[in-house]
Amino acid sequence: MGTVSDGVCDIWTGQCPCRDGVEGAQCMNCAHNYYNRSLDIQEALYQGCVPCVCDPRGTVEGSVCDSTTGQCVCVPTRHGQDCSSCRPGFFLSSDQSVCIECDCHPTGSSQRRCEAQTGQCVCGHPSVGGRRCDQCREMFFGFNPGLGRCQPCACDAVGSVNGSCHPDSGVCACKLLVTGQNCDICQPGASHLDPENHLGCSKAPSQQPPPAGFTVSYSAIHLSWHPPDSPNSNRLNYTLIRDGKSLHTFHSHYPFSPESFEDTGLSPYTNYSYWLITATVAGVTESTVASYQTLSAPPEADQLHLSLVGWPGVGSASFNWSVPQNSTGPVEKFVLSSVETSSGTEPIIHYTGLSTEAVASGLKPFTQYTFTLEACSSGGCTSTPPLSLLTASAPPQNQPPPKVNATGPHTLNVTWDSPSQPNGVITRYEVFLLGPLESQNHSSVAAEKRVFVSSGWLDPSVSPEGQTTNETAVSPPESSAIVEGLQAFSTYQTRVLSTNMAGSVASEWTLARTMEGVPELMAPPKVSAVSSTSLKVTWSSTESGGVIARGNITEYRINLLTEQTNNPYAPPVISQVIHSVGPSAQPVYVVKGLKPYHVYNFTVTLCTKIGCITSLPSTGRTLPAAPTGLSPPRLHPVNESTVHIEWDPPSQLNGPQPLYQVERIDISLSVPQSPVVRGTRFSGSSYYQFPSDTLPVNTDFTASLES
C-alpha cells in the first residue's frame, strides 16, 4: 500500500514507485522523520507515513520521532507525543517557552502539583494565598512557614478603614483621625469615635471662610458660604451671626456642599456685618467678618412732583420737578420719558441725570403725549403720576396726491386722504385744476384754477367714530369732489391743498383724462384732379389740422354727394360711402371711374366709439377729355358758289364749350381710289416725313391733318 497506484517496479532494479514519506525496494518502510500511522500495511488499513509533529520548544534538538509510533524525544520537563505539555510539578511560563517548576510551599500547599497554565498551587488553609501558598490573604497576617497558615487581623471595625491589616506586621489601616495597632484610639485632639464618621473621630473645624454676599434689594441680602477647609467631622453645625446676634442655624452632613441664606426685612441703605460659627461635636471655629450694605429704597411718591413750564412748543416742552428727601438713601438719577398717548409705542427717554429741569425735544407737532418722571435709587424707582399734554400745531406735511377717476366725457371724480402728518386741525381742503394739456406735452405751462373748496374741522387726535358721535362738533371738510364742465378726452392735472391753523401744504399733481365724447370737428377734405376720370381726396388726421375727435379714432369714411330729382320723397342730396379706412391708413384716396370735366362733391366722416362727425363738402372737377358723339355736318346748297353748312353739337362735350373748325376737301381728292393709310401722331412742328415703308413709291395719295 506504500506503492503509487498502478505503479510498476523498475525492470532492472526491482524498485517500486513509493508514495511520499515511504521508502524501500518494496515501499514497506517510512522515510526519515516520518512515522507510520497504519495498523498494518499488509492488511489494507494503510493511513500512510506522515511527517513527525514535535514541539521544537519541548523536543531534544536534532532528534526525530519514532518511525513506528511517532513519539518525539522530549526534554526532561516535557511529556506527550509531541512534547508540548509540561510534566506534573511544572507549569508553562507566561511566554510559553519553557516549563517552570511549581515550587509550591511544602506546608502552605496541600500538594506539590500546580495548575499547568498559571502555576497556581492548591493552598491548604483559607488564610493562605499567593501562587506558592506562602502569603496571607486579606484580613490575615503573619504567615507561619511551619504551620502553613496566618493569623486573623484584630482591627476595630469602627476605627479601621476596611478591617484589613499589614500582611507582615498586622498593623491595621486606620481612618484619618484614628490611631493604634487595632485602630481603636482617637488621635490626640480628636474624640467621639463614631461608626458613621468617615474620619473615625472628630476634631474642632478650622479655616471657615466668611459668608459671601450680594445685595438683592433695599431690604434683602443674599449670603452663601463654603464648608471649612478642614471640617474634621462628618457633621457640621453653622450659626449665621448678624451684628453680633444669631440669625439662623444650619446642619450639614458629609459630603458637604455650599450653603446659602437670604436675609430679608432689612433697613434700606444700611451696613450689616455677618460671620459664621461652625461647630462639630469636638469644638467650634469662627470665620472672619464680612460687611454688606442694602440698596437705597425708592423715593416716596408723594415727595416727587413733575411740572410743565410754559406752553408746549411745536416739537418740544420744558419741565421741572422737586427733589425728594434723602431719608432712605440718595437719588442716583432722574429719568424723564414720554409716550404717544394713542400709538402705544415704547417710551422715549428725554433726560437722565440729577438735574431738576429738562427740555424734551424731538416731539411731533399737534400730538398728545404722556410724560412720566422716575426718581431712581440703587434699590428701585418711583414714578410721578402721568402728565398729558398736546404739542402746538405746525403746517401740515406729506399731503398724498389725489386719486382721480373719469366719470364721463366732461367730469372727473377727485378723492383724497388727509396728510400723513396733519400737525394740527385740518380746516380746509382746496382742489386745483390744470388743463386741458397738450397731448404731446403734459408739462406745458398753463394757468391753474381752483375748482373746489371745502371748510370744516378735522381733528386727527379724535377718532373718526368720536367725530361722528359728537353732534355739536363741526363736520370735517369734504374729501371728494366732482369737477364738471371739462373737455372730453382731454388730459388734466389736479392737486389738493390742505390747510390747518398753522399753514398749508400742497400735494403732487395727479394726471387724469376725461372719457371719450362725441367728435366735434372734421375739416373738409382737399379734392384735386388726377385725370379726366379720377380725383384725389385727402384729409387731415391730426388735431392741428382741423380735427377734434374727442376720442380714439376708429374709422374714416369718404362720401360722394349726388343730387337726385327722381324721388320727391328722398333727400335732394344723397351721400354715398365710397371708401372707408382705419386710423393708421394714409389720409388719401383716389376716386376712379368718374366722368370727364364733371364737378363732384365729397365729405369725410370721422368715427370714434362714441359717435361720428361729417365734414363740410369739398368740390373737385375732373380734367377735360376729347368730345364724343360728333355727327357729320349737314350741307344745303345756296347758289352755284355758296353752301350753307349746319351741324349739331357733340352728344358729350367732355370739357368746356368747343371751338368748331369746318374743313373743305376738294372733289378731285374726295374719293380716293385706294385705301386710306392711317398716319402717325406727331408733335406740332409743321413738318413730318413719312418713312418709305408707309407710303408706296410712285403712288398718288391724299393727306389730312387733325388737331
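**Close-up 1. A disulfide within one loop: Cys52 and Cys65.**
Start with Cys65, which is buried in this predicted model, its relative accessibility being 5%. The partner, Cys52, counts as buried too, at 14%. The two cysteines form a disulfide with their sulfur atoms 1.5 Å apart, and the angle about the S-S bond is -55°, a left-handed link. Cys52 and Cys65 each lie in the loop between S4 and S5, so the bond ties together parts that are 13 residues apart in sequence. Asp55 is found in the loop between strand S4 (49-51) and strand S5 (78-79) as well. With a relative accessibility of 13%, Asp55 counts as buried. Leaving aside residues up to four places away in sequence, Asp55 touches Arg78, Asp82, Cys83 and Ser84.

**Close-up 2. Another left-handed disulfide, Cys186 with Cys201.**
Here the sulfur atoms of Cys186 and Cys201 sit 1.9 Å apart and form a disulfide. The torsion about this S-S bond is about -80°, so the link is left-handed. Cys186 belongs to strand S18 (residues 185-186), while Cys201 is in the loop between S18 and strand S19 (212-217), so the pair ties together parts 15 residues apart in sequence. Which of these cysteines is partly exposed, and which is buried? Cys186 is partly exposed, at 22% relative accessibility, whereas Cys201 is buried, at 0%.

**Close-up 3. Cysteines without a bond: Cys9 and Cys16.**
The count of disulfides comes to 16, but Cys9 is in none of them. Why is there no bond between Cys16 and Cys9? The closest cysteine sulfur to that of Cys16 is in Cys9, 5.1 Å away, and that is too far for a bond. Cys9 counts as partly exposed, at 37% relative accessibility, and Cys16 as buried, at 19%.

**Close-up 4. The disulfide of Cys18 and Cys27.**
Here is a pair that does bond: the sulfur atoms of Cys18 and Cys27 are 1.9 Å apart. The torsion about the S-S bond is about -90°, so this disulfide is left-handed. Cys18 is partly exposed, at 23% relative accessibility, whereas Cys27 is buried, at 2%.

**Close-up 5. Trp225 meets Tyr238 edge-to-face.**
The structure holds twelve aromatic pairs, and here is one of them: Trp225 and Tyr238, with 5.9 Å from centre to centre and 65° between the planes. The pair links distant parts of the chain, 13 residues apart, with Trp225 in strand S20 (residues 220-225) and Tyr238 in strand S21 (residues 235-242). Trp225 is buried, with a relative accessible area of 2%, and Tyr238 is buried as well, at 0%. Together with Phe250 and Phe261, these two residues form one aromatic cluster.

**Close-up 6. A tilted pair, Tyr369 and Phe371.**
How are the rings of Tyr369 and Phe371 arranged? Their centres are 6.2 Å apart and their planes at 45°, so the pair is tilted. Tyr369 is buried, at 4% relative accessible area, and Phe371 also counts as buried, at 0%.

**Close-up 7. Strand S50 and its pairing partners S47, S51 and S52.**
Eight of the ten residues of S50 (residues 599-608) are buried, so the strand is largely enclosed by the rest of the structure. Eight bridges join S50 to strand S47 (residues 553-563), running antiparallel; Leu561 has Asn601 of S50 as its bridge partner. S50 also pairs antiparallel with strand S52 (residues 618-621) over four bridges, and there Val599 is matched with Arg621. With strand S51 (residues 612-614), S50 makes three antiparallel bridges, and Leu606 has Ile613 as its partner. A hairpin of three residues joins S50 to S51.

**Close-up 8. Arginines over aromatic rings.**
Arg621 turns up again: its charged end sits over the ring of Tyr597, 4.5 Å from the centre. In another such arrangement, the charged end of Arg513 sits over the ring of Phe489, 4.4 Å from the centre.

**Close-up 9. An open sheet of three strands, S44-S45-S49.**
The pairing in this sheet is antiparallel. Strands S44 (526-531) and S49 (588-591) are the edges, each pairing on one side only. From one strand to the next, the twist averages 25°. Four bridges join strand S45 (residues 534-538) to S49, and Leu535 stands opposite Val591 in S49.

Definitions and conventions:
Residues are numbered from 1 along each chain as its sequence is written. This is a predicted model: local features need pLDDT of at least 70, side-chain atom pairs count only at pLDDT 80 or more; totals for chains, interfaces and linings use all residues. Side-chain values use heavy atoms; hydrogens and water are left out. Buried means under 20% relative accessible area, exposed over 50%, partly exposed in between (1.4 Å probe, protein chains only). Helices (H or I, at least four residues) and strands (E, at least two) are DSSP runs, numbered from the N terminus. Two strands pair if DSSP finds at least two bridges between them. Contact means heavy atoms within 4.5 Å. Rings of Phe, Tyr and Trp (its six-membered ring) pair if their centres lie within 6.5 Å; planes under 30 degrees apart count as stacked, over 60 as edge-to-face and the rest as tilted. A charge sits over a ring if NZ of Lys or CZ of Arg is within 6 Å of the ring centre and within 35 degrees of the ring normal. Axes are lines fitted to C-alpha atoms, for helices over the stretch in contact, and angles run from 0 to 180 degrees between N-to-C directions. A disulfide is a pair of cysteine sulfur atoms within 2.5 Å.
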